[in-house]
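I opened my notebook to go through one structure step by step, writing down each thing as I looked it up.

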Amino acid sequence: MSRERFEELVGDALDAIPAELLDRMSNVVVLVEDDAPEPGLLGLYEGHALTDRGWDYSGVLPDRITIFRNPTLRICETEEDVVDEVAITVVHEIAHHFGIPDERLHELGWA
C-alpha cells in the first residue's frame, strides 16, 4: 500500500473520531512514519497527556501521535485489515493523549 493511501486511511480514522473528542484535543499533531523506532509498535504517543498538564504547561512543542505504516502493513493481509488496524491504532494513541494507560485500553479492547 502506498504511503499516500495509508495517510488517507489515517485521515479517515481521524474523521471517524467524534467531534466532541477532537475539540478537546490540545497541542497535538498526528503524523505518519514508515518505520517504528522499536519492533512491534504500530503507533506512538509522545508528549504530556491532558491529565498531566498543570498550571505551568505552556510554551511546549505539540505532542506527537505517530502511526507507523510498515509495521501495520506487515501484520495485515488485506486493505480492510489495514483500515481496521489503523482505526484501532489512532483511537489507542488518542486515548493516551487523554491520559488513558495501556492497561485500561487492553481492558476496553483497544489494544
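The entries below go from the whole chain to single residues.

**Entry 1: the whole chain.** I began by noting that this is a predicted model. I then went through the secondary structure, which comes to five helices and three strands, and from the N terminus the order reads α-α-β-β-β-α-α-α. Next I looked up the dimensions, and the C-alpha atoms fill a box of roughly 45 × 30 × 30 Å along the principal axes. I also checked the radius of gyration: a compact globule of 111 residues would have a value near 13 Å, and the chain has 14 Å, so the two agree.

**Entry 2: surface and contacts.** I looked up the accessible surface of the chain, which comes to about 6,800 Å², with 50% of it belonging to carbon and sulfur atoms. Of the 111 residues, 32% are buried. Among contacts with a separation of 6 or more, I found that 72% are between residues 24 or more positions apart.

**Entry 3: the nonpolar core.** Which residues of the largest nonpolar core touch the most other members? In this core of 17 residues they are F6, V10, V86, V90 and I94. I then asked where the core residues come from, and found that α1 (3-15), β3 (63-68) and α4 (79-97) each supply at least two of them, while the largest share, five residues, comes from α1. I added a general remark that in soluble globular proteins nonpolar side chains tend to be buried together. To follow one member of the core, I listed the contacts of V86 beyond its neighbours within four places in sequence, and these are F6, L9, V10, A13 and T72.

**Entry 4: helix α4.** I compared the length of α4 with what its residue count predicts: at 1.5 Å a residue, its 19 residues should span 27 Å, and the end C-alpha atoms are 27 Å apart, so the model agrees. The buried residues of α4 are V82, E85, V86, T89, V90, H92, E93, I94, A95, H96 and H97. What covers the buried residues of α4? I found that the cover includes α1, β1 (28-33), β2, β3, α3 (69-75) and α5 (102-108). Just after α4, I noted that G99 takes a positive phi of about 90 degrees.

**Entry 5: strand β2.** I walked along β2 (residues 43-46) and saw that the side chains alternate, with G43 and Y45 pointing to one face and buried, whereas L44 and E46 point to the other face and are not buried. I then looked for the partner of β2, and found that β2 and β3 pair in the antiparallel sense over four bridges, with L44 standing opposite T66 in β3.

**Entry 6: two single residues.** Is E8 buried or partly exposed? E8, which is found in helix α1, has a relative accessible area of 39%, and because buried means under 20% and exposed over 50%, E8 counts as partly exposed. I also looked up its distance from V83: the two are 75 residues apart in sequence and 9.9 Å apart in space, C-alpha to C-alpha. My last residue was N27, which lies in the loop between α2 (19-24) and β1. N27 has a positive phi of about 55 degrees although it is not a glycine, and at 30% relative accessibility N27 is partly exposed.

Terms used
Residues numbered from 1 in each chain as written. Predicted model: local features only at pLDDT ≥ 70, side-chain atom pairs only at ≥ 80, totals over all residues. Heavy atoms only, no water. Core = buried A, V, L, I, M, F, W, Y, C linked by side-chain atoms within 4.5 Å. Buried < 20%, exposed > 50% of the residue type's maximum accessible area, 1.4 Å probe, protein only. Helix = DSSP H or I, 4+ residues; strand = E, 2+ residues; numbered from the N terminus. Contact = heavy atoms within 4.5 Å. Pairing = 2+ DSSP bridges. Rg over C-alpha atoms; globule rule 2.2 N^0.38 Å. Areas by Shrake-Rupley, 256 points an atom, 1.4 Å probe, with all protein chains shown as cover. Expected span 1.5 Å × (residues − 1).
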